[in-house]
Amino acid sequence: MALVLCAALVPTTLATSQADTPWYCSSFVPVLGGDPTCPLCLTNAPCAAVTTNDQFWSNPRYCALPSAGTASIPSSEKFNPRQLCEDENADGWVDGVMTLPVWGLPGSGRQEQVGTAYVFVTQSKRLYVTMTFSCNYLMSTDPASVLKSIEVALWDSDDTVTPQYVNVVYTAGFFSCYTLSIDLTNVCNPLDGAVFNPSPNDPMSGTCLVNGKTVPGVNLYKPLSSMFLTLRVRLESISNSFVGSTTSCADDSLGLYALWAPGSAVGAPVPLIMPECIPPPLAPPLPPSPSPPRPPAPPPSPPSPPWPPKPVPPSPPSPPLPPPNTVVITITTAAILGPSTCTDSLPSWIFLATPFDGQWQQPPLCEPPRPLQLGGTMLRVSYNFYGSDAARAFVESLTPASNANSALYLILILQLNLPCASKLDAYGPVVATIPGPGNIQFWPWFNCPPSPPTPPKPPGPPGPNPPPAPPPPSPPPPSPPPSPPPSPPPPPISPPPPPSPPPSPPPPPFQPFYMYIFYSDDVYPYRNDCYSAQYLLTFTYQTTFNEPIINLPQCTYRTTNALQAAMLFPNPSRSQLMVGIFNPLSIGSYVEYFRIPCNSIIVMQSSYSSQTFTSSNVPQMRCSGPPLPSSLPPPPPSLPPFTPPSPPPSTQLPPLSFLPPPPPPGPRAFPPPGVDPRTVTMTVNTLKVDPLTGQDCVSLTFITRSPSINPIFGPECTLNTPASTGATVVLIFRTVQDAQAYFLYIATPQTANTIAGVLQLPCTSSTVTVTVAGYQPASWFGSQLPSPRSCVA
């Protein structure tokens, strides 16, 4: 059924063609006996006013093109061959690009080529599929239409599978070019019915969903392995319509089109042999061009002017390098950052730019810390982006409008452990500063308390009394002189001026108050309790202090199973009082009214105190009845609490020593009954004076997350009993192989070093142990940690 493009989308005012470009108009294939000019390229025709989001193949945001094979198409940014994976052992690729026709499916679209698809893999292991549609064929994303615009399936077998990437377009309008990018290390599993959401072209990272629940993707990338790509797109063929005095731009047909690999049926899965992604070496500098020989000198007679020297031939141009869209992050701090800072933190800097994979050259350049003249050090990290839009979006993501960037928090606070008065500056298309205007309230760790004012100097001792005035001289006595008058009394001593009042001290720094909700499962973004948490804190503040609230609560999900709401108070007593206001009855009413998921943990915390509410003290948080059926396995049983060793009987206790490492496992390759072999457990055993808190558990969950290996449960952190003896983190993965791969990723001295520094563990009585089925447990003690600053003496 033909669809007439309504006036809301296509103005009736005749104008110069928006598509009148040689690279686009020349792609038109006229019908036998029809008009030889594309309807969109006719000036003063109804279809001349049609515009597309990709600006007819020239906007790289919607139309990402490789340099190879697209020389006639102008674009502000293209992928050059140095950015693509090219392997001479992988068939089907030319300069790293596979070119395929877009052809009509039998019984639906016209049996002809209506476009060209460019398939390529970048060095970041992302598969790009870019289709340019011939003139007068457009893809529409009209939200009123229930038809699927485009659906894509990618898997490691040629079996027919359910497309995982359906309607991955979030901009309404017309497209004459479309780009889809897929992370080959995180492909949604069609055998589980997983679909992708949201668009991988969006700067925010996407997720795979099964029945609305987040599930991890699958790493399909392996050099020279086979993948199979299936793509179908619904296109409209539009033309100018002249009926009497009425002119309009309408579509002639609406059909399905697909990729066609030579030698196979139209729409069949296209085989792809994955090239090996090895960055090419930088081109060596070109040798200088030899100077041409000088012409022979002219004879002395007859004199004639010498011939001008031949011009030096220009050197051939160097091969093009990636566009210079560099973002430089500079950190200045009073801390002394060690020479291993770059090596230890490089994975975190890569993780910081994970949402922009495929848009920058990995890895970033981290320069070793340099000492500052007035003390402290400076650290510089540089990112090279392929486009200015991505560079701008990356800088803006460092300072969100309503919270702190959690990945940056992990680096600055938990890993580098920067002190107050530290500063971060990011330079790119835009500039960002932390702490700076608009974000200082989200970084209270960098707010140094004011130094006490210098007391005024005490007044000096009073000076000596002035001498009495001398008596006047006596006149010569012609007769007995009268008695001289008494000398006048000395003038009174003036009191010293009172000391000037001391200057008023600066206002104290704001004191943060936090509310956390730790869920037993991933809930965000399908559930958002920020509104109820902000209501609870605002209502409690106004009823307690009987005054309007000034600093409104800020709320965010730090992870998919952890909510954080924060408030700033003018003094510590108020933030501490806010913690004590809550009790199991009030939390129970909140949980029941807003239906907070059962088995959650709610923590109220200030800098000086905290309260934790669980199902043990709040009955409304208990799960009643049998557990609901779920595809997730139950969490493993809690580990027994750590028992500190008894000191030997003596008058003076020797320093505590580390517990001996657990005995190595026997030849048994499988865990004992009742323990899931896909489980990874991290145990922190210690003897601290101050107990660990819910905030420490939040820090552990941040540290134990992997940017590429996603668990199906956790990380779930539980404090030991008592809390001063440590904590346990549990994760469950989809397969045993994923669990063992995560074990090799997390069980490193650097991880133990980070944990010891963040939790301020004592060196003489702490151990960090990571266990998984099939491997000997890995343990580190204070003396084995690589950095002496990681734990306290």
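Two strands are said to pair if DSSP finds at least two bridges between them. In this predicted model, strand E20 (residues 511-518) and strand E23 (residues 601-606) meet that criterion, since six bridges join them in the antiparallel sense. Within E23, Ser-606 is the bridge partner of Phe-513. E20 also pairs with strand E22 (residues 562-569), again in the antiparallel sense, over eight bridges. In this pairing, Ile-517 stands opposite Leu-563 of E22.

These strands belong to an open sheet of five strands with antiparallel pairing, in the order E21-E22-E20-E23-E24. Strand E21 (554-559) and strand E24 (610-613) form the edges, each pairing on one side only. On average, neighbouring strands of the sheet are turned by 15 degrees against each other, direction ignored. E21 and E22 run antiparallel and are joined by five bridges, with Cys-555 standing opposite Ala-565 in E22.

Two helices accompany the sheet. Helix H6 (residues 572-581) lies across E20, E22, E23 and E24 and runs at about 25 degrees to E20. Helix H8 (residues 694-703) packs on the sheet as well, touching E20, E21 and E23, and its direction makes about 65 degrees with that of E20.

The covering of E20 is reflected in its residues: eight of its eight residues are buried. Both faces of the strand are covered. On one side the buried residues are Gln-511, Phe-513, Met-515 and Ile-517, and on the other they are Pro-512, Tyr-514, Tyr-516 and Phe-518.

Aromatic contacts were examined next. The count comes to 28 aromatic pairs. One of them is formed by Tyr-137 and Tyr-257, which are arranged edge-to-face, with 5.9 Å from centre to centre and 75 degrees between the planes. This pair links distant parts of the chain, as Tyr-137 lies in strand E4 (residues 137-140) and Tyr-257 in strand E13 (residues 246-259), 120 residues apart. Tyr-137 has a relative accessible area of 4% and is therefore buried; Tyr-257 is likewise buried, with a relative accessible area of 1%.

A further pair consists of Tyr-165 and Phe-196, whose ring centres are 5.3 Å apart; the planes stand at 35 degrees, so the pair is tilted. This pair, too, links distant parts of the chain, with Tyr-165 in strand E6 (residues 165-166) and Phe-196 in strand E9 (residues 195-197), 31 residues apart. Both Tyr-165 and Phe-196 are buried. Elsewhere, Tyr-409, Trp-443, Trp-445, Phe-446 and Phe-702 form one aromatic cluster.

Note on methods:
Residues are numbered from 1 along each chain as its sequence is written. This is a predicted model: local features need pLDDT of at least 70, side-chain atom pairs count only at pLDDT 80 or more; totals for chains, interfaces and linings use all residues. Side-chain values use heavy atoms; hydrogens and water are left out. Rings of Phe, Tyr and Trp (its six-membered ring) pair if their centres lie within 6.5 Å; planes under 30 degrees apart count as stacked, over 60 as edge-to-face and the rest as tilted. Helices (H or I, at least four residues) and strands (E, at least two) are DSSP runs, numbered from the N terminus. Buried means under 20% relative accessible area, exposed over 50%, partly exposed in between (1.4 Å probe, protein chains only). Axes are lines fitted to C-alpha atoms, for helices over the stretch in contact, and angles run from 0 to 180 degrees between N-to-C directions. Contact means heavy atoms within 4.5 Å.
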